[in-house]
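Student: Could you pick one part of this model and walk me through it closely? I'd like to know which side chains point inward, which point outward, and how far I can trust the picture.

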Amino acid sequence: MVGSVVSPRITIAICALSTLLLALWLAGPTFYWLDSAEFVAASYTLGVAHAPGHPLMSLLGRLFCYLPVGTIAFRLTLACAVQAALAAAAVGLITRRLVASAAQTSSPASLTTHVACAVAT
């Protein structure tokens, strides 16, 4: 539609949802190469992975270990997908605000939000 403006919240939500779906589509059913097995074990046992330990990842991963879906490794992959979606939404919001302040407008246009979503993903 000509002249229609999509809400910035909807655009950021679409950005986060598309990131989540992409991460879930690419998710492996079990652990894979390099450090993934170490992070699965650290999250499951609330242990410490190699330095620096990644305590936030271990604590959040432990919460996802309680979900009744798939293997423990898949649950932690799901945790990473949710964290990636939240990070994409945060980057989208920050970028939208930076672009809006650079353009010195009080209400960012739809184009600003779409640029922010493109940068975030």
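Tutor: One cut-off first: a residue counts as buried when its relative accessible area is under 20%, as exposed when that value is over 50%, and as partly exposed in between. Keep in mind that this is a predicted model. By that cut-off, 31% of the 121 residues in the protein are buried. The protein has five helices and zero strands, so let's work on helices, with most of our time on α1.

Why α1? Confidence peaks there, with a mean pLDDT of 89, while helix α5 (residues 110-120) has the lowest mean, 63. For the protein, the mean is 79, and 78% of the residues reach 70 or more. Where pLDDT is low, the predicted coordinates shouldn't be read in detail.

Now for α1 itself, which covers residues 8-25. From first C-alpha to last, its 18 residues reach 26 Å, close to the 26 Å expected at 1.5 Å a residue. Its buried residues are Thr11, Ile12, Cys15, Ala16 and Thr19. Look down the axis and these fall within an arc of 135°, so they line one face of the helix. Turn to the face pointing away from that buried side and you find the exposed residues Arg9, Ile14, Leu21 and Trp25.

Ile14 has a second role in this picture: together with Val6 and Ile10, Ile14 forms a nonpolar patch on the surface, with about 250 Å² of accessible area between the three. Ile10 is also part of α1. With a relative accessible area of 46%, Ile10 counts as partly exposed because that value lies between the 20% and 50% cut-offs.

For a side-by-side view, go to α2 (36-45). Ser36, Val40, Ala42 and Ser43 are the buried residues here. They cover an arc of only 165° around the axis, which puts them on the same side of α2. So each of these two helices turns its buried residues to one side.

Finally, look just past the end of α2, where leucine 46 follows with a positive phi, near 55°. That's a positive value in a residue other than glycine. Leucine 46 sits in the loop between α2 and α3 (55-64). Its relative accessible area is 47%, so leucine 46 is partly exposed.

Note on methods
Residues numbered from 1 in each chain as written. Predicted model: local features only at pLDDT ≥ 70, side-chain atom pairs only at ≥ 80, totals over all residues. Heavy atoms only, no water. Helix = DSSP H or I, 4+ residues; strand = E, 2+ residues; numbered from the N terminus. Buried < 20%, exposed > 50% of the residue type's maximum accessible area, 1.4 Å probe, protein only. Patch = residues over 30% accessible without salt bridge, like charges linked within 9 Å, V, L, I, M, F, W, Y side chains within 5 Å. Areas by Shrake-Rupley, 256 points an atom, 1.4 Å probe, with all protein chains shown as cover. Salt bridge = Lys/Arg side-chain N within 4 Å of Asp/Glu carboxyl O. Expected span 1.5 Å × (residues − 1). Arc of directions from axis to C-beta. pLDDT = per-residue confidence, 0-100.
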